[in-house]
Amino acid sequence: NMAIEIEVKVLGIDQDKIVSLLQEAKATEKPEQFIDDRIFDFPDKRFDAKKSQLRIRQKGDKSIMEFKSSTTGAETEGYHIADEIDFGISDVEKATELLLKLGFIQTKHRQKKRKQFVLADGCKVEIDVYPGIPNLLEVEGSKENIQKTLKMLGLVGKECSWPIARVMEHYEKDPNKIVFE
């Protein structure tokens, strides 16, 4: 399934305040999930050069293979916009082996804990906890709904469209390897 994803990030949030505002807004709260991402590229790093990403993501007991490619002018007005193709996989080891046999290399390994809330208008609000960096928020939905949500959370003007690698560098972490010890 090919989908357009529009999202913004907000760095260094006050998690308790955000969670209580989301609960007041009657957002549906999903259980926290542990997410493990392994990112693959060709040795010449052509995906990275085009701000694209091929990854195997393990999320709870589900695993998916996903390809994200940034659309042209993807970082307009603080929004990050990407084309996304993903599908479920049942065997992470075999999928990894296949990618390596096809000439890919694993370039990154990242882990995070994610708490997701879904608002009535379908807007998704995610709080991501990476090891050693302040919690960050991602809001995903239509531009209109994203603005509405930022307003409700008191975060208008605080959004940024940095890719996660730049966020890592901002906090002086290795963007290629951020894992819980």
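A disulfide is a pair of cysteine sulfur atoms within 2.5 Å, and that cut-off is worth keeping in mind for the cysteine stop of this tour through a predicted model.

**The whole chain**

Start with the full chain in a cartoon view coloured by secondary structure, where five helices and 11 strands can be picked out. The radius of gyration is 16 Å, close to the 16 Å that the globule rule gives for 181 residues, so the chain is as compact as a globular protein of that length. If you turn the view to the principal axes, the C-alpha atoms fill a box of roughly 50 × 35 × 35 Å. Colouring by relative accessible area comes next: 46% of the 181 residues count as buried. With contacts drawn between residues at least 6 apart in sequence, 64% of them join residues at least 24 apart.

**The cysteines**

Now select cysteine 123 and cysteine 160, and show their side chains as sticks. The sulfur of cysteine 123 has its closest cysteine sulfur in cysteine 160, at 16 Å, which is too far for a bond. Cysteine 160, for its part, is in no disulfide, and the structure as a whole holds zero disulfides. Are these two residues buried or exposed? Cysteine 123 is buried, with a relative accessible area of 0%, and cysteine 160 is also buried, with a value of 14%, because buried means under 20% relative accessible area.

**The largest pocket**

Hide the cysteines and display the pocket surfaces, beginning with the largest pocket, which has a volume of about 1,000 Å³. Select Glu5, Gln53, Arg55, Lys68 and His80, which are the closest to its centre of the 48 residues that line this pocket. Which classes of residue make up the lining as a whole? If you colour the lining of the largest pocket by class, 25 residues come up as charged, 14 as nonpolar and nine as polar.

**The second largest pocket**

For the last stop, move to the second largest pocket, with a volume of about 170 Å³. Its lining can be selected in full as Lys30, Pro31, Gln33, Lys59, Arg114, Gln116, Lys124 and Glu126. Two elements, β7 (105-118) and β8 (124-129), each give two or more residues to this lining, and highlighting both strands in the cartoon places that part of the pocket wall within the fold. Coloured by class, the lining of the second largest pocket shows five charged residues, two polar and one nonpolar.

Note on methods:
Residues numbered from 1 in each chain as written. Predicted model: local features only at pLDDT ≥ 70, side-chain atom pairs only at ≥ 80, totals over all residues. Heavy atoms only, no water. 1 Å grid on protein atoms, 1.4 Å probe; cavity = no way out; pocket = protein on both sides within 12 Å on 5 of 7 lines; lining within 4 Å. Points joined across faces, edges and corners; volume = space filled by probe spheres on them. Nonpolar A, V, L, I, M, F, W, Y, C, P; charged D, E, K, R; others polar. Helix = DSSP H or I, 4+ residues; strand = E, 2+ residues; numbered from the N terminus. Buried < 20%, exposed > 50% of the residue type's maximum accessible area, 1.4 Å probe, protein only. Rg over C-alpha atoms; globule rule 2.2 N^0.38 Å. Contact = heavy atoms within 4.5 Å.
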